[in-house]
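Biologist: I'd love a close look at one part of this model. Could you walk me through the sheet and how the two copies sit together?

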2 protein chains.
Amino acid sequence: MTLYFEDLAVGRRFATAPATLSEAQIVEYAEIYDPQPIHIDRAAAAKGHYGGIIASGHQTLAIGFAQWIRLGHYRDSSLGGPALDEVRWSKPVRPGDMLETTVEVVEARPSASRPDRGIVVLGFTIATKAAGTVCSYRTTTFVKRRPAA
Amino acid sequence: MTLYFEDLAVGRRFATAPATLSEAQIVEYAEIYDPQPIHIDRAAAAKGHYGGIIASGHQTLAIGFAQWIRLGHYRDSSLGGPALDEVRWSKPVRPGDMLETTVEVVEARPSASRPDRGIVVLGFTIATKAAGTVCSYRTTTFVKRRPAA
């Protein structure tokens, strides 16, 4: 269900569907977007600090964002995102970890220059039951105001 | 060639090989990681603000980072990255755009707690000849100090 600027009050929270990344998905992603041994080379990763392959941090943040998009709240209201801030990777993500992403509205203000939209900052937290928070960040999006009835 | 903390003086700059994203790569990525119509639905995107499909911002930042990794400077010296800050998407990226990524050392300090490493902040700028900067950000990485000879 599409949510408009007026629906996104500071403090409103959303849970998304859990997601997992398989070893094959981690390697396939990293071969293109983050080709470091820790993400693509099982033998090298086994000898390294984490004892096995871990996901690219960019892949972790993206899969959390994807789960938010899949809720459909921005389907007809997003006008694009100019900024991403304060990405923190606090724990490794391993193949099969169940990633639970929660999203909270942390800022919401009308645009000073464009009356058709507001500016919304969402705080993302991606966590596993075992490790707690593995990644967090803040996204900024231009969001349509609710059309007149 | 691996570069260590001592090699990464503030102000040192690197150019990477150009990269492009095809429409198929943009759609394939976004189906998994950013399933918004502007990235995956050619008909909807044609009617939208940009007149066609544009790349997910997360994909743009990741391909720029990948081109840095492909230089090999972090191959044997990176100890992982805890943070990504100040990501700004200033222009859309379209299929076939030639993306040129430059990387500059913007901060470098020894770790206060771990004598084997330093903390390096790299500033990324991804640009096209036609549009100028399309994306910029800062990454933080733990980087090994040069081993004793």
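Which residue of chain B comes closest to the rotation axis?

Modeller: Happy to help! This is a predicted model, so local features need pLDDT of at least 70, side-chain atom pairs count only at pLDDT 80 or more, and totals for chains, interfaces and linings use all residues. Residues are numbered from 1 along each chain as its sequence is written, while chains are lettered from A and ligands numbered from 1 in the order in which they are written.

Asp85(B) comes closest of the chain B residues, with its C-alpha at 2.5 Å from the axis. A turn of 180° and a shift of 0.0 Å along that axis lay chain B on chain A with an RMSD of 0.0 Å (least-squares superposition on C-alpha atoms of residues with pLDDT of at least 70 in both copies). That is the relation of a two-fold axis. The copies meet through the same surface, because 100% of the interface residues of chain B are also interface residues in chain A (contact means C-beta atoms, placed from the backbone, within 7 Å).

Now the sheet: 10 strands form an open, antiparallel sheet in the order S1(A)-S3(A)-S4(A)-S5(A)-S2(A)-S2(B)-S5(B)-S4(B)-S3(B)-S1(B). Strands (E, at least two residues) and helices (H or I, at least four) are DSSP runs, numbered from the N terminus; two strands pair if DSSP finds at least two bridges between them. The edges are S1 (13-15) of chain A and S1 (13-15) of chain B, each pairing on one side only. Three bridges join S1(B) to the antiparallel S3(B), residues 100-110, and Phe14(B) has Val103(B) as its bridge partner there.

Definitions and conventions: Two residues are in contact if their C-beta atoms, placed from the backbone, lie within 7 Å.
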